[in-house]
Amino acid sequence: MKIAVVAANGAAGQLIVKEALERGHEVTAIVRSENKSQAEKVLVKDLFDLTKEDLKDFDVVVSAFGAFTPETLTLHSKSVEHFNDLLAGSDTRLVIVGGAGSLYVDETRTTRLLDTPDFPDEFKPLASAQADELDLIRQKNDLKWTFVSPAADFAPEAPKTGTYVLAGEVFTVNDKGASFISYSDYAVAMMDIIESGKYEQERISVRGK
């Protein structure tokens, strides 16, 4: 497959590029500055400057975009609008690196993780922005999107095990009561999801075993 990874210089983006290349896919890194990923094909361009022409030849576009400061958090939703403008009505799939805060706490799907008393206050602004992003993309009926939430403890430096649990919209934990996944195992899950061709217009989640 021809895969573009937006924000390929980020921690998640670099590992998704690496995993895709190891599986033999043709990968283009889309970055704002000098490429730090393993991709040999590179497009140096800001996400919000991308055009339909830039993305028209890809089977899948992975958005590993993240904004973390208070003044930039709304860019999560803005990115959805921009991707919709570029990809709606096309066969190109959009797969988004999402957040865990918007996962529901049980099958009633009335309370999100970020709304619970124990959710850390310092992570609420980002979690809310990513939840807004998810709410918005659910409205994009002409876009072939998949939103992939990681576990609550999303660990950049943790080792790759090659294993994970694929779940739905409800927050889950392992038999030790932990919700954890390394960035490397998330990249494995992401590529399995892409290669499966499933989960169109769905939010799913992944965690370690």
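**Exercise 1. Strand β4 and its neighbour β5**

Task: Find the bridge partner of Val-60 in β5, then say how β4 and β5 run.

Solution.
- Step 1. Work in this predicted model. Val-60 has Arg-93 as its bridge partner in β5.
- Step 2. Look for a further pair. Val-62 is matched with Val-95 of β5.
- Step 3. Take the whole contact. β4 and β5 are joined by four bridges and run parallel.
- Step 4. Follow the connection. β4, α3 and β5 form a β-α-β unit, and this unit is right-handed.

**Exercise 2. The surroundings of β5**

Task: State how many residues of β5 are buried and which way their side chains point.

Solution.
- Step 1. Apply the cut-off: buried means under 20% relative accessible area.
- Step 2. Count. Five of the five residues of β5 are buried, so the strand is largely enclosed by the rest of the structure.
- Step 3. Sort by direction. Arg-93, Val-95 and Val-97 point one way, while Leu-94 and Ile-96 point the other way.
- Step 4. Recall the general pattern. In a regular strand, side chains alternate between the two faces of the sheet.
- Step 5. Move to the next strand. β5 and β6 (residues 144-149) run parallel, joined by five bridges.
- Step 6. Pick out a pair. Ile-96 of β5 lies opposite Phe-147 of β6.
- Step 7. Trace the path. From β5 the chain passes through α4 to β6, in a right-handed β-α-β crossover.

**Exercise 3. Strand β1 and its partners**

Task: Describe the cover of β1 and its pairing with β2 and β4.

Solution.
- Step 1. Check the cover. β1 spans residues 2-6, and four of its five residues are buried.
- Step 2. Take the β2 side. β2 covers residues 26-31 and runs parallel to β1, with five bridges between them. Val-5 faces Ala-29 of β2.
- Step 3. Take the β4 side. β4 covers residues 60-63 and pairs with β1 in the parallel sense, over four bridges. Here Ala-4 has Val-61 as its bridge partner.
- Step 4. Add the helix. α1 (residues 11-22) joins β1 and β2 in a right-handed β-α-β unit.

**Exercise 4. The whole sheet**

Task: Give the strand order of the sheet and name its edge strands.

Solution.
- Step 1. Write the order. The sheet is open, with eight strands: β3-β2-β1-β4-β5-β6-β10-β8.
- Step 2. Note the pairing, which is mixed.
- Step 3. Find the ends. β3 (41-44) and β8 (165-167) are the edge strands, each pairing on one side only.
- Step 4. Add the twist. Neighbouring strands are turned by 25° against each other on average, direction ignored.

**Exercise 5. Helices α3 and α4**

Task: Are α3 and α4 roughly parallel or roughly antiparallel?

Solution.
- Step 1. Get the geometry. The axes of α3 (residues 75-87) and α4 (residues 124-137) come within 8 Å and cross at roughly 20°.
- Step 2. Use the threshold: angles under 35 degrees count as roughly parallel.
- Step 3. Conclude. α3 and α4 are therefore roughly parallel to each other. Their crossing is right-handed.
- Step 4. Inspect a residue of α4. Leu-136 lies in this helix. At a relative accessible area of 15%, Leu-136 is buried.
- Step 5. Check a distance. Leu-136 and Ser-77 are 59 residues apart in sequence, yet 6.9 Å apart in space, C-alpha to C-alpha.

**Exercise 6. Residues in loops**

Task: Place Ala-7, Arg-109, Ala-100 and Leu-114, and classify their exposure.

Solution.
- Step 1. Ala-7 sits in the loop between β1 and α1. Its phi is near 65°, a positive value in a residue other than glycine. With 25% relative accessibility, Ala-7 is partly exposed.
- Step 2. Arg-109 belongs to the loop between β5 and α4. Its phi is also positive, about 55°, although Arg-109 is not a glycine. With 41% relative accessibility, Arg-109 is partly exposed.
- Step 3. Ala-100 lies in the loop between β5 and α4. Its relative accessibility is 11%, so Ala-100 counts as buried. The C-alpha atoms of Ala-100 and Ala-131 are separated by 8.9 Å.
- Step 4. Leu-114 is in the loop between β5 and α4. Leu-114 is buried, at 5% relative accessible area. From Leu-114 to Glu-19, the C-alpha distance is 30 Å.

Notes:
Residues are numbered from 1 along each chain as its sequence is written. This is a predicted model: local features need pLDDT of at least 70, side-chain atom pairs count only at pLDDT 80 or more; totals for chains, interfaces and linings use all residues. Side-chain values use heavy atoms; hydrogens and water are left out. Buried means under 20% relative accessible area, exposed over 50%, partly exposed in between (1.4 Å probe, protein chains only). Helices (H or I, at least four residues) and strands (E, at least two) are DSSP runs, numbered from the N terminus. Two strands pair if DSSP finds at least two bridges between them. A crossover is right-handed if, with the strands pointing away from the viewer, the path from the first strand over the helix to the second runs clockwise. Axes are lines fitted to C-alpha atoms, for helices over the stretch in contact, and angles run from 0 to 180 degrees between N-to-C directions. Angles under 35 degrees count as roughly parallel, over 145 as roughly antiparallel, 65 to 115 as roughly perpendicular and the rest as oblique. A crossing is left-handed if the near helix is turned anticlockwise from the far one by less than a right angle, and right-handed if clockwise.
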